[in-house]
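Me: I should like to learn how to read the features of a protein model. Could you guide me through some of them?

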Amino acid sequence: MRTSRFALLAGLVALAACAPDAPSEVRDDLGRTVPFDGAPETVLPLAPNITELVAEAAGADRLAGVSMSDSFPPGIQSLPRFQSLPLDTETVVSLQPGLAIGSTDVNAAEAADGLAALGVPTYLFRFDEVADVPRALRTLDTLLATSGGAPAADAFERRVSAVQDAVQPYTAPRVLLLVGDETLYAFGRDSYASELVRLAGGQNLTDVYPGEASQPSDEAVLEMAPEVIVVLIEDYDPSQLLEEHPTFFSLPAVQNSRVYGIDPDLVSRPGPRLIEGLERLARLLHPEAFAAGAA
């Protein structure tokens, strides 16, 4: 289905370059019709992962501004800021972007439609699986008439394959990936983050929950008995987990000192740095695969 969407978009824009009657619209990942009058000079990303994707494909100088939540890449620090949740449409419109681009995990279709009604064409990407990141990079090349997305997408895919090759010989540990340690927010089996655990060579325990998100109880975690727990908090102190959940003392992950933290932006933002998240996750799950001298 996604290949079809991309093929449709590529076909429409290719026609724009060679046909007398250029297409006046494209369709985004939700099937919404987006007015398209050629590659825009400036783009407004509505979510931090989109900022990183656009900067990778076309350079930060194409950005008309960034949201208050944006922190990467370094070249965006001096750009105008706007509030994304809830979306400050007045400021967005005042920045006069040629195209606004959002991500469905942050931006609702209703907000995008509202911007469009105010004269700002708004394209939404959807990220259901890891492969959607390189797909988005290549689509941005087409939308923005640039060429940086395709090589970045190729490099991303090569690094994913390298991780898979490295961890393939090893037994998959039972892994619990948590968004935080107080309330046990986690991912469901249909999320790209759960796929990330599987690609890193882990048995993702929250695959038992359908959808994109899950919230296992303490009792469920005790029953699942994770061998590795990864919390999306950088420089995480594992003792915090026991302070919040004292009964977790008996878990294999705790007993074997395999409770880790990881920079949340490397996992929670489906952008170019997601590959760094995958590589760090794989090294935590399978340090033996990346030790010196490992095959």
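Reply: The following turns treat one residue, one pair of helices and the domains. This is a predicted model, in which local features need pLDDT of at least 70, side-chain atom pairs count only at pLDDT 80 or more, and totals for chains, interfaces and linings use all residues. Residues are numbered from 1 along each chain as its sequence is written, and side-chain values use heavy atoms, with hydrogens and water left out.

Me: Is Asn-107 buried or exposed?

Reply: Buried means under 20% relative accessible area, exposed over 50%, and partly exposed in between (1.4 Å probe, protein chains only). Asn-107 counts as buried because its relative accessibility is 7%.

Me: Which residues does Asn-107 touch?

Reply: Contact means heavy atoms within 4.5 Å. Leaving aside residues up to four places away in sequence, Asn-107 touches Leu-46, Ala-47, Gly-102 and Leu-124. A polar atom of the Asn-107 side chain lies 3.2 Å from the backbone oxygen of Leu-46.

Me: At what angle do helix H6 and helix H12 pack?

Reply: Helices are DSSP runs (H or I, at least four residues), numbered from the N terminus. Axes are lines fitted to C-alpha atoms, for helices over the stretch in contact, and angles run from 0 to 180 degrees between N-to-C directions. Helix H6 (residues 149-167) and helix H12 (residues 274-285) pack at about 10°, their axes being 10 Å apart. Angles under 35 degrees count as roughly parallel, and H6 and H12 are therefore roughly parallel to each other.

Me: Where do the domains lie in the chain?

Reply: Domain bounds come from an automatic or database domain assignment. Here the assignment gives domain 1 (25-149) and domain 2 (167-287).

Definitions and conventions: Polar contact = N/O pair within 3.5 Å; in protein donor to acceptor, adjacent residues only side chain to side chain. Helix = DSSP H or I, 4+ residues; strand = E, 2+ residues; numbered from the N terminus. Parallel < 35°, antiparallel > 145°, perpendicular 65-115°, else oblique.
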